[in-house]
Amino acid sequence: MTAGRVERDEAAPAVPVRPAVRVGSPTERRNPLSLDLDLMSTREMLTVINEADRRVPAAVAGVLDEIAETVDLAAAALRAGQRVHYFGAGTSGRLGVLDAAELAPTFNSPGHWFCAHLAGGPEAMWRAVEDAEDDDRAGAAEAAECVRPGDLVVGLAASGRTPYVLGALAASRAQGAATVLLCANPEAEAASSVDVFIGVDTGPEVVTGSTRMKAGTAQKLVLNTFSTAVMVRLGRVYSNLMIDMVATNAKLRGRMISILMEATGCAEEVCRQALHEADGDLKTALVALVSGAEVSAARAALARAADQVRSALALLAS
C-alpha cells in the first residue's frame, strides 16, 4: 500500500450495485411550508404537521366518486361469492392488513372476504424487508395463486409505481378480476391500466418522502370509508348501528344491549331478555323486538332474507 492511497484488495468480493430509482411522485417533492422544520420550536413544528394533516380529508373528498365505484364493485363481488384483495408494500400494505383485520370483529364478516397481501410477507409488518416492494414478479405470482375471476383487487401504493403492487394488479387483471389502484400520485402512469384509479392529491409531505404521514393518513381514510360502506351495502349495519358485531369482551356485550335499546326504544331489561332468548344473536333479537314476532319467527325470517334485517322485517310485516 502506497502512502496516501488505499489500494483495492483484488481478492475481496465486489459489492453488488443495487438499482436506484428516483421517483417523481408529489410525495417526493419538498414542502415549502416545512423547509425550516428542524429549526422550529416543538410547538411550531407540531402546528405545521397539523396544518398539513387538516388538508387530507379535503383531498379524500375529491375522489369520493371513485371510492363509490369501488364500493359497488366490492359489494357485487362479495354477493357473488368472490373476494376483495389488498396488495401493498410498506406503510400502504400495513394499512391494508389493518383494515382487513378489523372487519371481522366489527362486522362479523367472513374471514375470507377481505384478503391482505403484504410485500415481504408477515415479517414486513414489523420491519422493512429489503427490496420486497421492488419485486414485481413476487406480486404477480401471489396474485396468480390466489386471485380468481370476479374478485376485486385493490393495489395500495403511495407513489403509484410500486413494482410489487403493479405486478399483482397486472396478474389480477389477466385472471379476470376487477382492479383498483389507490395512491397519492394523481399523475401515476398506472392509472390507465386499472378499472378504477383513486389518486388522492395530498401533495408534498412535511418530511420529504415520508409517506407514512399525509399519504398514509389519506389511505387510512379511504380504506375506512371504503370497507365501512361495503359492510353497509351488504346489510351489516342497521340505521347507523353495528348489528353484526362479535361480542368478544364485556364492553362489546354491553354495546349489544345499547344497540338494541337505541334501535327499538325498549327498556334495558327487555333488551337483555330478548338477547338471551335469541341465544346472543343481535340480529334475531332486533328483528323480534322491532316486529313483535317470536324469536323463532324472527330467526326464520332472517334465514329467508339472507340475514338482512330490513328484508326480514318486511317479510314479517307482510
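Let's start with E102, which is found in helix α4, spanning residues 90-107. Keep in mind throughout that this is a predicted model. At 35% relative accessibility, E102 counts as partly exposed, because that class lies between buried, under 20%, and exposed, over 50%.

**The annotated glutamates**

Why begin there? UniProt, in an unreviewed entry, lists E102 and E133 for "active site". These residues are spread over 32 residues of sequence and are also spread in space, with up to 24.1 Å between C-alpha atoms. Of these residues, E133 is included in the lining of the largest pocket.

E133 has its place in the loop between β2 (114-118) and α5 (136-146). Its relative accessible area is 35%, so E133 is partly exposed. Which residues touch E133, once neighbours within four places in sequence are left aside? The contacts are A89, A119, T162, P163 and Y164.

**Aromatic pairs**

Y164 also turns up in the aromatic pairs, which come to four by count. F87 and Y164 form one that is tilted, with 6.2 Å from centre to centre and 50° between the planes. This pair links distant parts of the chain: F87 sits in strand β1 (residues 84-88) and Y164 in helix α6 (residues 163-174), 77 residues apart. Are these two residues buried or exposed? Both F87 and Y164 are buried. Elsewhere among the aromatics, Y86, F114 and F226 form one cluster.

**A look at T211**

Now for a threonine in another loop. T211 lies between β5 (196-199) and α7 (214-233). With a relative accessible area of 22%, T211 is partly exposed, because the buried class takes in values under 20%. How far apart are T211 and S92 in sequence and in space? They are 119 residues apart in sequence, while their C-alpha atoms are 8.6 Å apart in space. Leaving aside neighbours within four places in sequence, T211 is in contact with T27, T91, A158, E205 and G216.

Here are the accessibility values for the three partly exposed residues discussed above, side by side.

| Residue | Relative accessible area | Class |
|---|---|---|
| E102 | 35% | partly exposed |
| E133 | 35% | partly exposed |
| T211 | 22% | partly exposed |

If you are browsing the structure, E133 and Y164 make a handy pair to view together: E133 contacts Y164, and Y164 in turn forms the tilted aromatic pair with F87.

How values were computed. Residues are numbered from 1 along each chain as its sequence is written. This is a predicted model: local features need pLDDT of at least 70, side-chain atom pairs count only at pLDDT 80 or more; totals for chains, interfaces and linings use all residues. Side-chain values use heavy atoms; hydrogens and water are left out. Helices (H or I, at least four residues) and strands (E, at least two) are DSSP runs, numbered from the N terminus. Buried means under 20% relative accessible area, exposed over 50%, partly exposed in between (1.4 Å probe, protein chains only). Contact means heavy atoms within 4.5 Å. UniProt positions are given in the numbering used here, feature names are shortened, and annotations may be inferred rather than shown by experiment. On a 1 Å grid over the protein atoms alone, a cavity is a set of points where a 1.4 Å probe fits but cannot get out, and a pocket is an open set with protein on both sides within 12 Å along at least five of seven lines; lining residues have an atom within 4 Å of a point. Rings of Phe, Tyr and Trp (its six-membered ring) pair if their centres lie within 6.5 Å; planes under 30 degrees apart count as stacked, over 60 as edge-to-face and the rest as tilted.
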